[in-house]
Amino acid sequence: MHPNNNQLLSYYDQQLPSREIKQVADHLALCETCQETYHSLISLSAKVNNQLSWLDPTPTEEPIKMEAAKKRLHKQLLIQNQSEAPMSFSKSFWSKLGTIMLRPVYTAGVILLILTLSMLIPSVRATAVNFLGLFRIQQIEVVQFNPANLPHDSFQRSSADFERMLADTVEFDEPGEPQIVSTAEDASDLAGFSVTLPSELDEPSRLSVQSGSTTTIVIDLPRVRALLQEIEREDIELPDELDGATVTIEFPSSVTAAYGDCQFEEAEPHRSRTCTTFVQLPSPTITAPPELDIARIGKAFLQLLGMTPQEAEDFSLKIDWATTLVIPVPLYGTSYENVQINGMEGTLVQYNQEGGNQPEYILMWVKGEIVYALTGPGTLEDAVVIAESLK
Amino acid sequence: MVTTPKKWMDTSNSAKMETAIQFEEIFEEYWSRIYEILFRLVGNPAEAEDLALEAFIRLHKNPRLFGEQHNVGGWLYRVAMNLGYNALRASKRRKKYEIEAGTYKLENNSSVDPAIEAERSARRRQVRHVLSLLKPRDAKMLILRHSGLSYAEVANIIGIAPNSIGTLLARAERDFEGKYRRLYHTDPSIPEQGG
């Protein structure tokens, strides 16, 4: 049998197993057709390698000396350690929420969201074991708010107090550094659920698994009230029984695939115009006692966003607070719509990043137990094409 | 090999010390190889150096890999190729480095023949442009093979069966040559005449 292209090129590159070398050489000596194939293969190979040789470093482009390289590496590692070592509560907490709740939910929105979470508390003081109520994401709804209606200045002032309050009353188990993995299978093994990647995109430039974490919040009602007062929303009423109540939020392991030119080192990830990220995780869950009136807290949340009590009531009637993740997006500069992804309903938010003139999107959907979020530059169509190509 | 342990990490106990030594050995073994392969992809020393360091910093965060001699090289190359290939495709960041590199050349190398340099930089731009148009896997395979890695190593880094490397390489070469010819109307083996 004639050797195939694979064997011929392997022979030329001296990569053939020794037992096959003689076989191919003998055959080549006798077979003219094979000689022709071989010569056209190796002449192409030589051409291409010749061309690639332009890329080889010249003597002035050689790597820096080992000692100098080590020095640079050492310095970089030190910088990294310094920025990571204190790993303050707030930094990791915000960046985690930033990853999961996604970018366009501006800081104010995130603070509101946390405030809501911290208000998801039992109407009676909970005993330690009485956690039966369950929040699990099955749907996603977007609510638009007018940032102008938020008390900006006081928010800025209070956010430090707010973080301090969180630090005092929140126990956040540090999930550690994301683990870089090379394949979706490795990611599945590590994260404990079946990870899928969109075939529409090339291999991710980084695939990482963030282990899960549990956050426990003990409500300090006087401080929550003081905070509400500070943001001039003392009209939002909170029942006395909330004080000392405990809420547990569990984030399962999440998997993030990054495509293109993405940066991960800063707490607030800077995404360049070519960075697309795809996050997937089983729904986070919030446990709270069954007595909890989630709708009431949800309505308080909507009022915080600037809705009148009546508007909050109307919106609240449309959704099931126990299964719906409500994402606040600013009224201006964003638009949202519901889209179909292989028959499933997805929520697409489009926005212009500050200073950018290129639209970006966030597309979120829930399939079974898994929440998916795709962010990147482009249009609705780009997003849907990628989402529909999930393997 | 005996090496002096450096302050890579807090060496407060022997396990950490062991990890630090392993990391240093890996760095010594792979630094110039990783740099060179990245240089081929991005084309200037400063950027190649930054990306190579980035690959090692990522490795540093995965100490569980240090002991696996057969895997750590593949892992490093895989990370480096991803970094380099993405940089090859991203044009914006490139500018900064190109300006730096140009200045560097002028300042440090009075002996460089400007005509040869111009030819080299034009050719490099063309080759990289064509590489950026190939399938990522094809471009990576061509660079890895050209950098002297064995088929088995390439197969491990790319994540395909070793016995299909030859076929895929031949296909990648055809694609490279076809695209090159279409774009630059020239046969890659014949040096360009004139300007």
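**Note on aromatic pairs and the A–B interface**

1. In this predicted model, the count of aromatic pairs over all chains comes to 12. Two of these pairs, one in chain A and one in chain B, are described below, followed by the contact between the two chains.

2. A:Phe278 and A:Tyr372 form a stacked pair, because their ring centres are 5.8 Å apart and their planes stand at 5 degrees, where stacking requires planes under 30 degrees apart. A:Phe278 belongs to strand E9 (residues 276-282) of chain A and A:Tyr372 to strand E15 (residues 370-377) of chain A, so the pair ties together parts that are 94 residues apart in sequence.

3. Are these two residues of chain A buried or exposed? A:Phe278 has a relative accessible area of 1% and is buried. A:Tyr372, at 5%, is buried as well. Both values fall under the 20% limit for a buried residue.

4. In chain B, the rings of B:Trp31 and B:Phe56 make a tilted pair, with 6.3 Å from centre to centre and 45 degrees between the planes. B:Trp31 lies in helix H1 (residues 14-42) of chain B and B:Phe56 in helix H2 (residues 45-60) of chain B; the pair therefore ties together parts that are 25 residues apart in sequence. Both B:Trp31 and B:Phe56 are buried. They are members of one aromatic cluster that also contains B:Phe27, B:Tyr35 and B:Phe39.

5. Turning to the interface, 49 residues of chain A are in contact with 67 residues of chain B. The two chains bury about 5400 Å² between them, and 56% of this area is on carbon and sulfur atoms. Within chain A, the residues that lose the most area to chain B are A:Gln51, A:Trp54 and A:Leu55, which together account for 14% of what that side buries.

6. Which polar interactions link the chains? There are 10 salt bridges between chain A and chain B, and 25 residue pairs are in polar contact, with both residues at pLDDT 80 or more. One of the salt bridges joins the side chains of A:Asp13 and B:Arg145, at 2.4 Å from N to O.

7. On the side of chain A that touches chain B, at least two residues each come from helix H1 (5-12), helix H3 (32-52), helix H4 (66-84) and strand E4 (179-181) of chain A. H4(A) gives the most, with 11 residues. By class, this side of chain A has 16 nonpolar, 17 polar and 16 charged residues.

Conventions: Residues are numbered from 1 along each chain as its sequence is written. Chains are lettered from A and ligands numbered from 1 in the order in which they are written. This is a predicted model: local features need pLDDT of at least 70, side-chain atom pairs count only at pLDDT 80 or more; totals for chains, interfaces and linings use all residues. Side-chain values use heavy atoms; hydrogens and water are left out. Contact means heavy atoms within 4.5 Å. Buried area is the accessible area (1.4 Å probe) that two parts lose on being put together, summed over both. A salt bridge is a side-chain nitrogen of Lys or Arg within 4 Å of a carboxyl oxygen of Asp or Glu. A polar contact is a pair of N or O atoms within 3.5 Å; within protein, one must be able to donate a hydrogen and the other to accept it, and residues adjacent in sequence count only if both atoms are side-chain atoms. Helices (H or I, at least four residues) and strands (E, at least two) are DSSP runs, numbered from the N terminus. Ala, Val, Leu, Ile, Met, Phe, Trp, Tyr, Cys and Pro count as nonpolar, Asp, Glu, Lys and Arg as charged, and the others, Gly among them, as polar. Rings of Phe, Tyr and Trp (its six-membered ring) pair if their centres lie within 6.5 Å; planes under 30 degrees apart count as stacked, over 60 as edge-to-face and the rest as tilted. Buried means under 20% relative accessible area, exposed over 50%, partly exposed in between (1.4 Å probe, protein chains only).
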